[in-house]
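Got a minute to talk through some aromatic rings? Let's take the labels one at a time and see where they come from.

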Amino acid sequence: PTASAPASSPTAKPAVTATTAPTGRPAPGGTSGPQRCRPGTPVSPAPVQPGKPLPRVAVDPDQPPVAKKPGRLTGSKVTMTALRFEGIVDLPTVDGTLRALKFTMSKAVTDDFQLDVDGPLATTMRYQTGALTVQGDVSFYTTRFVGRFLGIKVTLTPDLPLPDGIPITSPLPLTFTEPVIDLAYLDCDQLSVEPTLKLGIV
């Protein structure tokens, strides 16, 4: 699944995009959504150092265009396994690029998942489920990531250095509570929800 800001309607291969609706392969529950999961392309970025700007990394050659406005992903917590901060990448849009942070991981679980993306006629499309899991070669692209790590509020953006205390890579699961994530794109091999994925217009 890849997740990018849903450009028009959720698709699920699982790729998650945040624009109008998820894109990728049809999402669980019969809807397509911001997720398209497909194997990511390996990259070899420069070393990441806490307190220093993240390195620039090349965009994957088969990266599809993403929405200019990311979707807003929230939940009670998100747990990432085998997390690695790769660096900063310029994702293509229909008429330019969108700068985003790229994380990779083997698995991520978001409890009380909610994703809001722009819909037609100035509406907002809202995807909700109790728990959403993406796994298998996950690439996660965000323009802004806010959450609490060990009780401390952390804000990550392409323009800020990686905060001290945040591991660059971790073989152990890391949990961020109260996440608020501007999701530009998500790419993974598998996407599942529990119990079902609900779609509404707000």
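What follows is a short chat about ring pairs in this predicted model.

Q: How many aromatic pairs does the structure hold?
A: There are six aromatic pairs in the structure.

Q: Why is the pair of Phe-103 and Phe-140 called stacked?
A: Their ring planes are 15° apart, with 5.8 Å centre to centre. Centres within 6.5 Å make a pair and planes under 30 degrees apart count as stacked, so the label fits.

Q: What makes this pair a tie between separate parts of the sequence?
A: Phe-103 sits in strand E10 (residues 96–118) and Phe-140 in strand E11 (residues 124–149), so the pair ties together parts 37 residues apart in sequence.

Q: How do you know whether Phe-103 and Phe-140 are buried or exposed?
A: Check the relative accessible area: Phe-103 has 1%, and Phe-140 has 7%. Buried means under 20%, so both residues qualify.

Q: Why is the pair of Phe-103 and Phe-145 called edge-to-face?
A: Here the planes are 65° apart and the centres 5.7 Å. Over 60 degrees counts as edge-to-face, so that's the name. Phe-145 lies in strand E11, 42 residues from Phe-103 in strand E10. Phe-145 is buried too, at 1% relative accessible area.

Q: Which residues do ring pairs link into a cluster?
A: Phe-85, Phe-103, Phe-140, Phe-145, Phe-149 and Phe-176 are linked that way.

Technical notes
Residues are numbered from 1 along each chain as its sequence is written. This is a predicted model: local features need pLDDT of at least 70, side-chain atom pairs count only at pLDDT 80 or more; totals for chains, interfaces and linings use all residues. Side-chain values use heavy atoms; hydrogens and water are left out. Helices (H or I, at least four residues) and strands (E, at least two) are DSSP runs, numbered from the N terminus. Buried means under 20% relative accessible area, exposed over 50%, partly exposed in between (1.4 Å probe, protein chains only).
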